[in-house]
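Trainee: I am new to this structure and would like a close look at a single part, the surroundings of ligand 1. Could you please also place that part within the chain as a whole?

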Amino acid sequence: MSPRRIGVMGGTFDPIHHGHLVAASEVQSRFELDEVIFVPTGQPWQKSGRVVTRAEDRYLMTVIATASNPVFSVSRVDIDRGGETYTVDTLRDLHREYPEDELFFITGADALEQILTWHNADELFTYAHFIGVTRPGYRLNDHHLPSGKVSLVEVTAMAISSTGCRERVERGEPIWYLVSDGVARYIDKRKLYRKPE
Ligand SMILES: Nc1ncnc2c1ncn2[C@@H]1O[C@H](COP(=O)(O)OP(=O)(O)OP(=O)(O)O)[C@@H](O)[C@H]1O
Ligand SMILES: O=C(O)c1ccc[n+]([C@@H]2O[C@H](COP(=O)([O-])O)[C@@H](O)[C@H]2O)c1
């Protein structure tokens, strides 16, 4: 069997929004990926300055948002490993699970800019090809990264962030059409992101 081409979209997904989904869908199509695996982080160590929603809630929102797409799936590797999440561990675990396949790690321009600050950054490129996507408000470039290991892709501009969604919920504003309907309903049902009473 020829190797499958697997996209990996890591994120805190607090909550997952249409910026994430459009980026993954466009890269899937452009790079003819057989599957895109969304990987919600366990403990995102570079976000330790703020409260992050329980991993199980972020995982369930990711499942809800991706369930209807036959080539999207969700992995629990980062949540189940425990401890702080490092992408080098994510990719090592997925490489072990899919040893014959090619991995493509998808990341927005903001995250790509920071990649050299990631744990064991040099090793990242041994497991996957990186695909940086445009994101409104950030400049996309790979000058700081090893040549031949990164591709840059322009995707439809979606000026949406998880921070913006959380702030809207806290202010009592709608997030319809910024996140999937099921995710908006889940946030409401679990009373996520509301101001403490
Ligand atoms: N609107 C967007 N367009 C393109 N890429 C995005 C967009 N939002 C997030 N990403 C990318 O998706 C990945 C996961 O992002 P993350 O879950 O941190 O979302 P976020 O909106 O940046 O969250 P927060 O506002 O809480 O920092 C990162 O690689 C990020 O760059
Ligand atoms: O490996 C690291 O040290 C590292 C540091 C910061 C972010 N990342 C990864 O980058 C992806 C996006 O992260 P975030 O925090 O912007 O949601 C997600 O998969 C994180 O695990 C990875």
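**The surroundings of ligand 1**

Mentor: In this predicted model, the protein chain runs through the pattern β-α-β-α-β-α-α-β-α-α-β-β-α-α from the start of the sequence to its end. The radius of gyration is 16 Å, close to the 16 Å that the globule rule gives for 197 residues, so the protein chain is as compact as a globular protein of that length. Its C-alpha trace spans about 50 × 35 × 30 Å along the principal axes, and 37% of the 197 residues are buried. Among contacts between residues at least 6 apart in sequence, 73% join residues at least 24 apart.

Against that background, consider ligand 1. The shell around ligand 1 holds 18 residues, of which Gly11, Gly19, Gly108, Ser162 and Thr163 come nearest. At least two residues each are supplied by α1 (18-30), β4 (102-108), α5 (109-113) and α7 (162-171). The largest share, 3 residues, belongs to α1. Sorted by class, the shell around ligand 1 contains 9 polar, 6 nonpolar and 3 charged residues.

The shell around ligand 2 may be set beside this one. There, 14 residues surround the ligand, and the closest are Gly10, Thr12, Thr87, Trp118 and His119. The elements giving two or more residues to the shell around ligand 2 are β1 (5-11) and α4 (87-97). By class, the shell around ligand 2 divides into 8 polar, 5 nonpolar and 1 charged.

Technical notes
Residues are numbered from 1 along each chain as its sequence is written. Chains are lettered from A and ligands numbered from 1 in the order in which they are written. This is a predicted model: local features need pLDDT of at least 70, side-chain atom pairs count only at pLDDT 80 or more; totals for chains, interfaces and linings use all residues. A residue is near a molecule or strand if its C-beta atom, placed from the backbone, lies within 6 Å of it. Helices (H or I, at least four residues) and strands (E, at least two) are DSSP runs, numbered from the N terminus. Ala, Val, Leu, Ile, Met, Phe, Trp, Tyr, Cys and Pro count as nonpolar, Asp, Glu, Lys and Arg as charged, and the others, Gly among them, as polar. The radius of gyration is taken over C-alpha atoms; the globule rule is 2.2 Å times the number of residues to the power 0.38. A residue is buried if 20 or more other C-beta atoms lie within 10 Å of its own, exposed if 12 or fewer, and partly exposed in between; C-beta atoms are placed from the backbone. Two residues are in contact if their C-beta atoms, placed from the backbone, lie within 7 Å.
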